Amino acid sequence: MAYSEKVLDHYENPRNVGSFNKDEKNVGTGMVGAPACGDVMKLQIKMGDNGIIEDAKFKTYGCGSAIASSSLVTEWLKGKSLDQAMTIKNSDIAEELALPPVKIHCSVLAEDAIKAAIADLRSKQGETMDAALCRHGH
Amino acid sequence: MTVKTPIYLDYSATTPVDPRVAEKMIPYLTEHFGNPASRSHSYGWTAEKAVEEAREQVAALVKADAKEIVWTSGATESNNLAIKGAAHFYGESKGHHILTIATEHKAVIDTVRELERQGFSASYLEPEADGLIDFEKFKAALRPDTVLASVMLVNNEIGVIQDITALGNLCRANGTLFHVDAAQATGKVDIDLESLPVDLMSFSAHKTYGPKGIGALYVRRKPRVRLEAQMHGGGHERGFRSGTLPVHQIVGMGEAFRIAREEMTLENARIRRLRDKLLTGLTTIEEVYVNGDLKARVPHNLNISFNFVEGESLIMAVKDLAVSSGSACTSSSLEPSYVLRALGRSDELAHSSIRFSIGRFTTEEEIDYTIELLKAKIGKLRELSPLWEMYQDGIDINAVKWAAH
């Protein structure tokens, strides 16, 4: 399979690999995919006091395109508000990395991971503000 | 360390032609180009003599009579001729059931499937988790109407060696013809057809340092095995397989099998030492699984799954090695290796497997380089892997409820 230069670059030099403590209040964690499907992405965002994502980290079990998609979005997420982050679309990722049609699902998974991480963070923040009222199980 | 990359560790896919073989072939392309079927002049006689000498060499490696060797275009054709030829010839008298193994090469599986389309019934016996066949299960799978059983001597993916003496004796007792695909076995395993209870055996030249496009089928004479020809024409090869003989290819196969016979003992000892070194080096990595039994196995093969790394990214990581992978992404099919699945390996482990096959021209430096490369790359991919992180934290990944996508 031929990979684009950008995919190869992210695969060879992945950005922001690692983990934050998922129990911290200002950390949102999204884990999407399944081992049997060949892709698992863990994306974490850390929010600053100003409501802006100050850092992001990932770990991905998957093909080169999955690694590149998650590596790319950690770069894009930094400096964005949660609302801005929600606007990142899988088509933007696929276009930036020149993913072939059979690898579009990798960009979909990366978008899902962003949404899952934001949902996790919002639910935590919601709990902080409204701990007694909001207790949806995770 | 200076090694030329990519390092070729895919000798079970094909081998280079030994320079001694190539040298012997060349005059039969240019100078001695005659048709061995030409009986009226010396061009034909010279070609025929070369063909018969090669037939003797092939027969000698497997202790058969030269009259029992039929030239074909390769092991795929030999398998087709043996299985379809015997099933068609004996089906009416013995019955219409074929027994084979789920881990056979596609050239056998698909040939049996074709016979199913023609009205035969077939059983595909699952091997044990080590890749070997349970004799009792094999015996139970033989039916009164089983006309033919087909079992490969050496598996192409995991290198395990089946006990064809035991299996052949069970076939004999049942009045079932026994075909063995030995494409991966020549020069690696001693084959003695004088004593083996085998009726038909397929061979290939290019797995044993001969040229591609030539193979042979052993057809037992005592007791005589008959086949319905699949290729019709001038009645070459005593009617078993028509078509002008490719003399240069045949000469190459004969020379390759001569070299194998004379050098296999020393060569296998050297290759076993390299394979064991590779095994020792790679098993220092955590969470690796050898696929297939290690004892009943040719010295050339090592098939290993690396847990918690994904197959396609693994193949990207080892682009300096020419190896085969159980990963779907490297082949045209989307399924992981059906051989590893038949051993009960999970999809993940089947995907993240690598087959290393070592051969005549593999060096110790290449093995050292391979070990270091794998250690570094597996380490890097695991640093990236959330599954590895979960495993390190003591989380049972199989107990996690994953959302399938």
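Colleague: How many residues does the contact take from chain A, and how many from chain B?

Modeller: It takes 22 residues from chain A and 20 residues from chain B. Two residues are in contact if their C-beta atoms, placed from the backbone, lie within 7 Å. The elements that give two or more residues to chain B's side are helix H9 (311-317), helix H11 (347-351) and helix H13 (386-392). This is a predicted model: local features need pLDDT of at least 70, side-chain atom pairs count only at pLDDT 80 or more, and totals for chains, interfaces and linings use all residues. Residues are numbered from 1 along each chain as its sequence is written, while chains are lettered from A and ligands numbered from 1 in the order in which they are written.

Colleague: What are the elements of chain A?

Modeller: From the N terminus they run α-β-β-β-α-α-α-α. That gives five helices and three strands. Both are DSSP runs, numbered from the N terminus: helices are H or I with at least four residues, strands E with at least two.

Colleague: Why does the radius of gyration of chain A agree with a compact globule?

Modeller: The rule is 2.2 Å times the number of residues to the power 0.38, and the radius is taken over C-alpha atoms. For 138 residues, that puts a compact globule near 14 Å; chain A has 15 Å, so the value agrees.

Colleague: Where in chain A does pLDDT stay under 50?

Modeller: Over residues 130-138. pLDDT is the predictor's confidence in each residue, from 0 to 100. Chain A averages 90. Where pLDDT is low, the predicted coordinates should not be read in detail.
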